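Reader: Please take a close look at the metal site of this model and describe it in one connected account, with each term defined as it is used.

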Amino acid sequence: MTMYVAMNGQQQLVTVQEVERGLACGCTCIECGEVLIARKGEQKEHHFAHHSNKESCEVRRESLLHLFAKQVIREAMGLQMPHLPGQPPEVGDPSSWWDFELVEEEVWLAGYRPDLIAHLRVVVKPSRTVG
Ligand SMILES: [Zn+2]
């Protein structure tokens with residue numbers, strides 16, 4: 001299977017068209033994590049190849065979507081979801097924006113490793129002073 005998508009050094013999914021040629025692409029394989037080379041020659045269709053010369057990995061759509069979803073959440077630093085508990089909905093709006101101050105990826109917790117840990121941004125309302 002030809003590989004057209006890879007992970008760059010900033011943990012973003014990139015296509016072979018977007019990156020520099022060769023090792024300078026700074027990419028790794030989505031499936032196995034090996035270093036990739038962007039093959040952008042004149043003859044064949046541009047693609048990624050493992051630096052080790054091993055056969056191309058089969059990039060599963062599920063893996064790609066999973067990685068892309070994590071990237072979207074990391075970049076947006078939030079998600080549009082049902083209202084936060086205890087926060088009254090605005091009229092006509094069935095959802096609200098959950099604003100994150102930190103999104104951590106693949107952090108091991110006690111016995112499990114969630115894909116992402118999102119820390120809600122806590123908005124502290126200034127207390128009123130009477131006088
Ligand atoms: Zn691979």
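Author: A residue is called buried under 20% relative accessible area, exposed over 50%, and partly exposed in between, using a 1.4 Å probe and the protein chains only. By that scale Cys29 is buried because its relative accessible area is 4%, whereas Cys32 is partly exposed because its value is 31%. The model is predicted, so local features need pLDDT of at least 70 and side-chain atom pairs count only at pLDDT 80 or more, while totals for chains, interfaces and linings use all residues. Residues are numbered from 1 along each chain as its sequence is written, and side-chain values use heavy atoms, with hydrogens and water left out.

Both cysteines serve the zinc ion through their SG atoms. The other protein donors are His50, through NE2, and Cys57, through SG. These donor atoms lie 2.1 to 2.3 Å from the zinc ion; donors here are N, O and S atoms within 2.8 Å of the metal (3.2 Å for Na, K and Ca), and a site may look incomplete without water. The angles among the four donor atoms run from 103 to 114°, and the site is tetrahedral, a label given to four donors if all angles lie between 85 and 135 degrees.

Along the sequence, the donor residues follow the spacing C-x2-C-x17-H-x6-C. Thus x2 separates Cys29 from Cys32, x17 stands between Cys32 and His50, and x6 between His50 and Cys57.

As for the wider setting, the protein chain is divided into domain 1 (5–61) and domain 2 (77–120), with bounds from an automatic or database domain assignment. The C-alpha centres of these two domains are 32 Å apart.

Notes: Four donors count as tetrahedral if all angles lie between 85 and 135 degrees; four count as square planar and six as octahedral if opposite donors are over 155 degrees apart and all others between 65 and 115; anything else is irregular.
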